[in-house]
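Student: Could you walk me through reading a protein model? I'd like to start with how to tell whether a residue sits inside or outside.

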Amino acid sequence: MDLLKYFTFSMIISLLGLRGILLNRRNLPIMSMSIESMFLAVNSNFLVFSISLDDMMGQSFASLVPTVAAAESAIGSAIFVMTFRVRGTIAVESRNCIQG
C-alpha cells in the first residue's frame with residue numbers, strides 16, 4: 001500500500017481523538033479514551049516511518065507507547081476514583097474546586 005493511505009488513516013484517528021477532547025469536555029473517561037486514540041495514531045506513524053525508512057528505531061518507540069498509555073490509564077483511573085470518593089462526582093465543572 002501507499003504511504004499516503006497509512007498517513008491518512010493516522011490523521012483520521014488523530015482528528016477523531018482531537019474532536020473527542022474538544023466536544024466532550026464534561027466527560028473525563030471519554031477525554032481519556034480520546035487521548036488513547038491519539039496515542040494510537042502516533043504509534044501508527046512510528047511504525048509506518050520505521051518500515052519506510054528501514055530503521056528499527058520507530059518500532060522500538062512503538063513498543064514503548066503502550067507502556068506510557070497503560071501508565072496514563074492507571075494514574076487517570078486512580079484520580080477518577082479518588083475524585084469520586086471525595087466529591088461524589090467526576091464532573092469536569094467541579095474541577096475549579098481543586099486547589100492546592
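Tutor: Sure, let's start with Leu 23. This is a predicted model, so keep in mind that we're reading a prediction. The general idea is to look at relative accessible area: over 50% is exposed, under 20% is buried, and partly exposed is in between. Leu 23 has 59% relative accessibility, so Leu 23 counts as exposed.

Student: Where is Leu 23 found?

Tutor: Leu 23 belongs to helix 1, which covers residues 3-23.

Student: Which residues form a nonpolar patch on the surface with Leu 23?

Tutor: Leu 23 shares that patch with Met 11, Ile 12, Leu 15, Leu 16, Leu 18 and Leu 22. Together they have about 680 Å² of accessible area.

Student: And what about the surface as a whole? How much area does the protein expose?

Tutor: About 7300 Å², with 70% of that supplied by carbon and sulfur atoms.

Student: Okay, next feature: aromatic rings. How do I describe a pair?

Tutor: You give the distance of the ring centres and the angle of the planes. In this structure the count comes to two aromatic pairs. One of them is Phe 7 with Phe 49, a tilted pair with 5.1 Å centre to centre and 40° between the planes.

Student: Which parts does the pair of Phe 7 and Phe 49 tie together?

Tutor: Phe 7 lies in helix 1 and Phe 49 in helix 2 (residues 28-53), so the pair links parts that are 42 residues apart in sequence. As for accessibility, Phe 7 is partly exposed at 25%, and Phe 49 is partly exposed at 43%.

Student: Why is the pair of Phe 46 and Phe 61 called stacked?

Tutor: Look at the angle: planes under 30 degrees apart count as stacked. The planes of Phe 46 and Phe 61 are at 25°, with the ring centres 5.6 Å apart, so this pair is stacked. Phe 46 lies in helix 2 and Phe 61 in helix 3 (residues 57-87), so the pair ties together parts that are 15 residues apart in sequence. Phe 46 is partly exposed at 30% relative accessibility, and Phe 61 is partly exposed too, at 42%.

Student: Helices keep coming up. How many helices and strands does the protein have?

Tutor: There are three helices and zero strands, and along the sequence the pattern reads α-α-α.

Student: How do I check the length of a helix?

Tutor: Take the reach from its first C-alpha to its last and hold it against the expected span. Helix 2 has 26 residues and reaches 38 Å, close to the 38 Å expected at 1.5 Å a residue. Just after helix 2, Asp 54 takes a positive phi of about 55°.

Student: Which residues of helix 2 are buried?

Tutor: They are Ser 32, Ser 34, Ala 41, Asn 43, Ser 44, Val 48 and Ser 50. Their cover includes helix 1 and helix 3.

Student: Can we zoom in on one? What does Ser 34 touch?

Tutor: Leaving out residues up to four places away in sequence, Ser 34 touches Gly 17, Gly 20 and Ile 21. Ser 34 has a relative accessible area of 7%, so Ser 34 is buried.

Student: And how much of the whole protein is made up of buried residues?

Tutor: Buried residues make up 19% of the 100 residues. For contacts, take those with a separation of 6 or more: residues 24 or more positions apart account for 50% of them.

Definitions and conventions
Residues are numbered from 1 along each chain as its sequence is written. This is a predicted model: local features need pLDDT of at least 70, side-chain atom pairs count only at pLDDT 80 or more; totals for chains, interfaces and linings use all residues. Side-chain values use heavy atoms; hydrogens and water are left out. Patches are made of residues with over 30% relative accessible area and no salt bridge: like charges are joined within 9 Å, nonpolar side chains (Val, Leu, Ile, Met, Phe, Trp, Tyr) within 5 Å. Accessible areas come from the Shrake-Rupley method with a 1.4 Å probe; for residues, only the protein chains shown count as cover. A salt bridge is a side-chain nitrogen of Lys or Arg within 4 Å of a carboxyl oxygen of Asp or Glu. Helices (H or I, at least four residues) and strands (E, at least two) are DSSP runs, numbered from the N terminus. Buried means under 20% relative accessible area, exposed over 50%, partly exposed in between (1.4 Å probe, protein chains only). Rings of Phe, Tyr and Trp (its six-membered ring) pair if their centres lie within 6.5 Å; planes under 30 degrees apart count as stacked, over 60 as edge-to-face and the rest as tilted. Contact means heavy atoms within 4.5 Å. The expected span of a helix is 1.5 Å times one less than its number of residues.
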